[in-house]
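Biologist: I am new to reading protein models, and I would like a close look at a single part with you. Could you take me through the empty spaces inside this one and what surrounds them?

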Amino acid sequence: MKFRTSLTLSLLTAALGAAPAGALTLTVESQIKVTGPAAVGGLAWLPGGSRALCLGNRLLVLDGMGKVSRLIPTGQAACQSLNVNLAGTLAATSAGGTVNIWRLGDGVRVSQHPTGPLSGSGFASDSDLLLATSTGIDRLNVLTGARRVVQNTPVTALFVAPDGVRAVVGSVVGTGAAGRGRVQLINTTTLAVLSGTMCDALCVPQNAQFGVNGRTAAVRAGSVLLSLREGYPSSTVVRGLSVSTPASGFPLPDSSVLTFLDGNVESRDLQTGRRERQLPLQGVLAQPVSLSGPGRISALTDSGDLLSADLTFRDVQRVPLPAVLLGGGEGAALLPSGELRAGAKTVSGGFAAVQTMNKSTWTLGVLSEERQEVGLLSGGAVSGSTVRVLTSVAAAEGAQARLSVNHWGNHTLAWSAAGVTAVSQASGKMVATLKPSALNLAPAVLAASVLTLSPDAARLFVLPAAPNAAPFVYTLATRQRAPMTVVDQSANLSYTSLQISGKGALALGSVTVDQVAQSIMAEVGLYRSGEPRPYATIKANPDATRQNQHRWSPDSSLLALVNADERGFRIDLIDAATGKVAASTPPLAHAPAFLSWSPDNARLTVGAGLLDALNAVTVFGVKP
């Protein structure tokens, strides 16, 4: 983990600027950049050697040296695509069926256009955007909003060349079992077909990339990588690609194609596909990639670096990007690769889950397809570099088990369709094992359910993942089951998360679906021990009700709750005595992968960076 210069913010939640009683002060103590595989939704070169990329829900402009010159928040939803006009002045990002147009010079959103699901898009001019919809291709003027249909035949994919003159489109010929995929290079103004081919079966074009002059394109279609040249038949550059093998390529002026296959960069003959040489760089991903007019490649690596390289890959510049995180705790972060970062060290072991409570960091590692191991990070959450394995648990049919740690951090639960296991930190042994039948739940229902262990490790709270199934409490010593004292059993309400404080208070998350209004309402109710009705209810974003997305402080005085508004995700600190918001963080880059309190209640570690900075984890100081 790399620490950036600290930034201190004083944050008070207030109405009309007046601080509420019991308000807290949050300070940003550190911003941590955990590098690794990044969530890049699009990448494009800009004039002058700068680049634009979508990183989650942030649109970044990087100068020629790779430094961020502008950072534009794009909303809550992660960016799904990025297109830049030829002048490099406007960028179009799509997410959730909406296209936003941004002015790159100052970061202002110029316009917003509901489009519904798209199968592709791209600028045909500095102001006209082509949109591939379920009914055909539309041409949208992003400045005036004028929109017209240019082709009423459905297409399966659309990729527009950087100069907007040509595009690669996919379509289907025939119906049912006789249907076949077609891939064509077309003129975007006249829609004239310039080159094309018919697949042997249904195929959807992927990863289409254009040469510098735009007259040639390389495109993945089914099991092959094709080259399409204006005025010539198509040719096959690579054959026999498996479904899970990404591939892309750039046609070069010397009648070769620079291909990205299995992390390798190769030069292949455009017509025969014969491999001419392999370039001296491995781990380059096939998507997203971009080629600049002067002939430089920009691409991602499997380690999370953003590359800028010449066509020989000898002059290479790297920019480390913040990783996507799956979980973690104070001083520990879990990457999608199963790698665990602990402080400045990397702990190998193929981890599926990590969770920190108080002074304990529990791990769930993949032992085999049928077994997983429960362990503790040795030496504490921050300084540990190895994992002490306590026991192994069953994971039915290769499915990953799930992990939940009780409030004091001295017991953990691991469960899957095979059953439930409770493990003690003190003894390092299993204190209870339960089959699905013991909880009267089907294995698949148990695997998807939410389980929480009481602070004293005596009771198991179960929120079944089944329609109209009521939450219940299972006492481990007596093996008896009793309903939870919640009063609302509406058919359209489901309970989705539960955390129990050291004083026995419940933070119970629920989601209500209004079928008529087609809306979802989420809230977290606070219940005192033994009371059937909540003493406070907090409106929340649906993501806030997921398991592990709210956490009681060790002294049980505060509840950290993930929430969101039009600015993005944030953390609200709830005063446990009143149920009122005592403080809120600034907007975060995305929904946090984890929340973790320090044992002295003085710090809250959030598995998400600030929206206005490139980091993966933020540590907040909490002061009265």
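How many cavities of 30 Å³ or more does the structure hold?

Modeller: Happy to walk you through it. Keep in mind from the start that this is a predicted model. The structure holds 3 cavities of 30 Å³ or more. Rolling a probe the size of a water molecule over the atoms shows where empty space is left.

Let us begin with the largest cavity, which has a volume of about 60 Å³. Its lining is made up of Thr356, Met357, Asn358, His407, Arg551, Trp552, Ser553, Pro554, Ser596 and Trp597. If you sort the residues of that lining by character, you get 4 nonpolar, 5 polar and 1 charged. Three strands, β35, β51 (550-552) and β55 (595-597), each supply at least two residues of the lining of this largest cavity.

Now turn to the second largest cavity, where about 50 Å³ of space lies. Met357, Val405, Asn406, His407, Thr452, Leu453, Gln499, Ile500 and Trp552 line the second largest cavity. Here the elements that give two or more residues to the lining are β43 (450-453) and β47 (493-500). The residues of this lining divide into 5 nonpolar, 4 polar and no charged. Try finding Met357, His407 and Trp552 on your screen: they line the largest cavity, and they also line the second largest cavity.

Trp552 is a good place to step from the cavities into the strands. In β52, the bridge partner of Trp552 is Leu559. Strand β52 covers residues 558-565, and 3 bridges join β51 to β52, with the two running antiparallel. Follow the pairing onward and you meet an open sheet of 4 strands in the order β51-β52-β53-β54, with antiparallel pairing. β51 and β54 (581-584) stand at the edges, each with a single partner strand, so one side of each is left without a neighbour in the sheet. From one strand to the next, the twist averages 30 degrees. While you trace these strands, a general point may help: in a regular strand the side chains alternate between the two faces of the sheet.

Just before β51 in the numbering, you can practise on some further pairings. Strand β48 (residues 506-514) is joined by 9 bridges to strand β49 (residues 519-527), and they run antiparallel. One pair to look for is Gly509 and Val524, its bridge partner in β49. β49 also pairs in the antiparallel sense with strand β50 (residues 536-540), over 5 bridges. There, Leu526 has Ala536 of β50 as its bridge partner.

Finally, let us look at an open space, the second largest pocket, with a volume of about 840 Å³. Of the 39 residues that line this pocket, the closest to its centre are Leu325, Leu326, Gly327, Pro592 and Ala593. Its lining divides into 23 nonpolar, 12 polar and 4 charged residues. β31 (327-329), β35 (351-357) and β39 (402-405) each supply at least two residues of the pocket's lining. Of the elements, β35 gives the most, with 4 residues. You have met β35 before, as it also supplies at least two residues of the lining of the largest cavity. That makes β35 a handy strand to select when you want to go from the cavity to the pocket on your screen.

Definitions and conventions. Residues numbered from 1 in each chain as written. Predicted model: local features only at pLDDT ≥ 70, side-chain atom pairs only at ≥ 80, totals over all residues. Heavy atoms only, no water. 1 Å grid on protein atoms, 1.4 Å probe; cavity = no way out; pocket = protein on both sides within 12 Å on 5 of 7 lines; lining within 4 Å. Points joined across faces, edges and corners; volume = space filled by probe spheres on them. Nonpolar A, V, L, I, M, F, W, Y, C, P; charged D, E, K, R; others polar. Pairing = 2+ DSSP bridges. Axes fitted to C-alpha atoms, helices over the stretch in contact; angles between N-to-C directions.
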